[in-house]
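The following exercises ask the reader to reason from a structure to conclusions about its parts. Each task is followed by a worked solution.

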Amino acid sequence: MESIRRATLDYPDILRGTLLPTEVSEKSDIASVPDIHAAYNEILKQFYVGEQYMWLADYCVGRGIDNMEIGVENNPIVLEAVESTGYPYSEIFGRFDFPILSVSKLTMQTWAREKSLLPLLERSWFCHTPTRDGHPCGVCHPCEVSIKGGMGYRLPLKARVRYYLRVLPRVKALLKQFPRFYHTLYSFKHHR
C-alpha cells in the first residue's frame, strides 16, 4: 500500500485526492455491535453478502467513522444492498460510501491504460486467501470476480487452474442461492 501511495505522488494532475496512511486493525480487537450483527443476520435471510461488511460496520461504530469509502466495483449484490433503504440495510451499508461501485474492472483497466497508469493499478491487491508464497489463490470470491471480469491475467497459472478445479466455492455459491438455508447454516457456524 505504501508503494502505491508513493507512486500516486508522481501523477498529481491525474490522481487528485489523498490516500491517508494505512491503519492495520485486528478483527479480534473490533467490538461486536449487537444491532449490526442482528441486521446482518436479517440481510442473510434475503441474500448473501460478505461478513466483511458487518465487521467494517462494527469498526466504523467503534472508531466513530461515518461514510467510510470502500472500493467495491461493479457488484450487483452490494448495489442492491446499498440502494435498499431502511432496516436492516441502513444499519450496515448506511455507514459506507462506494465511489467506484458502478465501474467495472475492465473500465478501470482501460482508463488506467489510457492514462499510462496500468502498472500502478496492477499493484492493487484483491485476494482474500493468498497462497503461502504470497500469490492470489484463485478460489476466493475476489479472485473469481477478477477472472470473470476479464482480469485473470493478474493471477498466476496455478491460481487459474485452482479456479477451474474449485469445489467448495461452487458449493458455497449454490447455497447462497437459497438465503434462508444459508442463514441457518451460518447461524449454526456462529452459534446465533
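**Exercise 1: A threonine in its surroundings**

Task: In this predicted model, determine in which helix Thr 8 lies and whether Thr 8 is buried or exposed.

Solution. Step 1: Thr 8 belongs to helix H1, which covers residues 2-8. Step 2: Buried means under 20% relative accessible area. Thr 8 has 17% relative accessibility and therefore counts as buried. Step 3: The Thr 8 side chain reaches the backbone oxygen of Arg 5 at 2.6 Å. Step 4: Leaving aside residues up to four places away in sequence, Thr 8 touches Leu 15, Leu 19 and Leu 120.

**Exercise 2: Cysteines and disulfides**

Task: State how many disulfides a search of the whole structure finds.

Solution. Step 1: A disulfide requires two cysteine sulfur atoms within 2.5 Å. Step 2: The search of the whole structure finds zero disulfides. Step 3: For Cys 137, the nearest cysteine sulfur is that of Cys 127, 3.6 Å away, and Cys 137 is in no disulfide. Step 4: Cys 140 is likewise in no disulfide; its nearest cysteine sulfur, that of Cys 143, is 3.6 Å away.

**Exercise 3: An aromatic pair**

Task: Classify the pair formed by the rings of Phe 47 and Tyr 89, and explain which parts the pair ties together.

Solution. Step 1: The ring centres of Phe 47 and Tyr 89 are 6.1 Å apart, and the planes meet at 15 degrees, so the pair is stacked. Step 2: Phe 47 lies in the loop between helix H2 and helix H3, whereas Tyr 89 lies in helix H5, so the pair ties together parts 42 residues apart in sequence. Step 3: Phe 47 counts as buried at 12% relative accessibility, and Tyr 89 counts as buried at 8%.

Terms used: Residues are numbered from 1 along each chain as its sequence is written. This is a predicted model: local features need pLDDT of at least 70, side-chain atom pairs count only at pLDDT 80 or more; totals for chains, interfaces and linings use all residues. Side-chain values use heavy atoms; hydrogens and water are left out. Helices (H or I, at least four residues) and strands (E, at least two) are DSSP runs, numbered from the N terminus. Buried means under 20% relative accessible area, exposed over 50%, partly exposed in between (1.4 Å probe, protein chains only). A polar contact is a pair of N or O atoms within 3.5 Å; within protein, one must be able to donate a hydrogen and the other to accept it, and residues adjacent in sequence count only if both atoms are side-chain atoms. Contact means heavy atoms within 4.5 Å. Rings of Phe, Tyr and Trp (its six-membered ring) pair if their centres lie within 6.5 Å; planes under 30 degrees apart count as stacked, over 60 as edge-to-face and the rest as tilted.
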